[in-house]
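Hello,

Here is the structure I promised to pass on. Please open it first, then read my notes below.

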Amino acid sequence: MIKDNQAFFNRLHLWLDGLGIILSYMAAWFLKFDSGLFERETGTLSFWTYMYALLFIVPAYLVLYSLCQLYTSRRIQRFRVEFTNIIKANVLGLLVFLTVLYIIKQTHFSRTMLFIFFITNIILAMMFRGMIYLLLFSLRRGGYNIKHVLLVGFSETAKAYIDRVLVYREWGYEVHGILDDTAGPEENYKGISVIGRIDSLKEYLDSNNFDEIAITLKIDEYSKLRDIVNICEKTGVHTQFIPDYNNIIPTRPYTEDLMGMPVINIRYVPLSNTFHSLVKRVMDVMISLTGILITSPLMVCIAVIIKITSKGPLIYKQERVGLHNKSFMMYKFRSMRVQDAGEEKKAWTTKNDPRVTMVGKFIRRTSIDELPQLFNILKGDMSVVGPRPERPFFVEKFKEEIPRYMIKHQVRPGLTGWAQVNGYRGDTSIKKRIEYDLFYIENWTLGFDIKIMFLTIFKGLINKNAY
């Protein structure tokens, strides 16, 4: 049976990436200078001058690929993550290349060719990696390149592990059984049986060739953890510990070294990083300014229609709770009749709400009423993407009813969000909304924001739950 060989596949990726960089570069040169698609430039460098540059480009790009984690284990890595990392590495490569040309004052090196190389290299890298993915998935589904796993501990975590392994068979994991001291020998979960007690672990390791041990003990059994780890390490088998408190510890725990003592932060928020926060803020300003310019004719038309069809102000201001629990006034086009402040403060909009005007029904359903929030984004009260802000009354209510509700205020609230594009807006489950918000907060990346923006355009603007 073909065993898992990560080193072999890393070397294969390395060679294919190097080949892809060379082919992409040569294709870019051909398209720019020899295809007739572009005009000839004055002061053009020779073919060999461009080819000599490959001596620096290939190793530099391979280093960037490594820094962007393109040679880490990809058994359970999603293809979307790899695609994002390839784009990130190529963007960095292009910026470094342009910076070097500027420093050495090389004006004759074709910038057009570099941009062609940027595009072709991404395409070719994705093609090569896609081919390897298909090969690996085909092998694993056929019973090759499999990791044989033994679980120690029959807990909810063990069940969750088995669920994922059965759904994502392309990962190539095969669970051979569970060792547990409390479950009966006939007990099983989805065909994976309890095959013995934990004290028989050494016997099973000596008589079987497991690739991996996953420790999935119940939280009240952690006193056994040290002995189990010692047994596994004596046999040299790779061991993983999957804690039974994953509802407390985030999916991507942020660990620190406190003078040799490992510290796990209960909540890791990528946007607490100054650089990440700055990048997101720059993107917010650019998008809000562009959005205001593009939608200004539409906003003027909506303002006129609201003024003609109902009495009251054009813009509706409502207090919402934002970053660090600070309140701000959120702007919307008025979509309801003017009402008493006390009535408005505690009321939740429901289907066929009599307070909503005829024009209001249309602009709420199409999310046009949210356009003035572009000015909130420009001011810094909000972000383009983030958890939707709530009124103070509901914040006080939900923080007592829903665990971890207040974590959403560790980032700026958004015009759209991960919960909204998944259908959780309006009169829908607050608990599910918070689950999606927390996933976004803990797993934020610039690529994730872009994905949510695209999903908003295609499935989030018109929503049946927006009353």
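I began with the cysteines. The count of disulfides is 0. For background, a disulfide is a covalent bond between the sulfur atoms of two cysteines. Keep in mind that this is a predicted model.

Two cysteines are worth a look. Is Cys 232 buried or exposed? Cys 232 is buried, because its relative accessibility is 0% and the cut-off for buried is under 20%. Cys 301 has a relative accessible area of 46%, so it counts as partly exposed.

Now the chain as a whole. The protein chain has 16 helices and 12 strands. It runs to 467 residues, and 46% of them are buried. About 25600 Å² of the protein chain is exposed, with 63% of that supplied by carbon and sulfur atoms. Take the contacts between residues at least 6 apart in sequence: 72% of these join residues at least 24 apart.

Next, the interior. How many residues does the largest nonpolar core have? It has 39. Phe 333, Ile 363, Tyr 405, Tyr 440, Ile 441 and Ile 452 have the most contacts inside it. Helix H9, residues 274-309, gives this core its largest share, 6 residues. Another core lies apart from it, with 32 residues. Leu 54, Ala 89, Phe 109 and Met 126 are among them.

Tyr 405 deserves a closer look. Set aside its neighbours within four places in sequence. Tyr 405 then contacts Glu 390, Val 395, Phe 398, Lys 399, Ile 430 and Ile 434. Glu 390 and Lys 399 are included in that list.

Then there is helix H4, which spans residues 79-103. Glu 82 sits in helix H4. Is Glu 82 buried or exposed? Its relative accessibility is 0%, so Glu 82 counts as buried. Arg 129 is 47 residues away from Glu 82 along the chain. Their C-alpha atoms are 8.8 Å apart.

Val 96 is also in helix H4. Val 96 has a relative accessible area of 47%, so it is partly exposed. That value also clears the bar for a surface patch, because patch residues need over 30%. Which residues join Val 96 in a nonpolar surface patch? They are Val 100, Tyr 102, Ile 103 and Ile 104. The patch covers about 550 Å².

To find your way around, try Tyr 405 in the largest core, then Glu 82 in helix H4, then the patch that includes Val 96.

Best wishes

Definitions and conventions: Residues are numbered from 1 along each chain as its sequence is written. This is a predicted model: local features need pLDDT of at least 70, side-chain atom pairs count only at pLDDT 80 or more; totals for chains, interfaces and linings use all residues. Side-chain values use heavy atoms; hydrogens and water are left out. Patches are made of residues with over 30% relative accessible area and no salt bridge: like charges are joined within 9 Å, nonpolar side chains (Val, Leu, Ile, Met, Phe, Trp, Tyr) within 5 Å. Accessible areas come from the Shrake-Rupley method with a 1.4 Å probe; for residues, only the protein chains shown count as cover. A salt bridge is a side-chain nitrogen of Lys or Arg within 4 Å of a carboxyl oxygen of Asp or Glu. Helices (H or I, at least four residues) and strands (E, at least two) are DSSP runs, numbered from the N terminus. Buried means under 20% relative accessible area, exposed over 50%, partly exposed in between (1.4 Å probe, protein chains only). A nonpolar core is a set of buried Ala, Val, Leu, Ile, Met, Phe, Trp, Tyr and Cys residues joined through side-chain atoms within 4.5 Å. Contact means heavy atoms within 4.5 Å. A disulfide is a pair of cysteine sulfur atoms within 2.5 Å.
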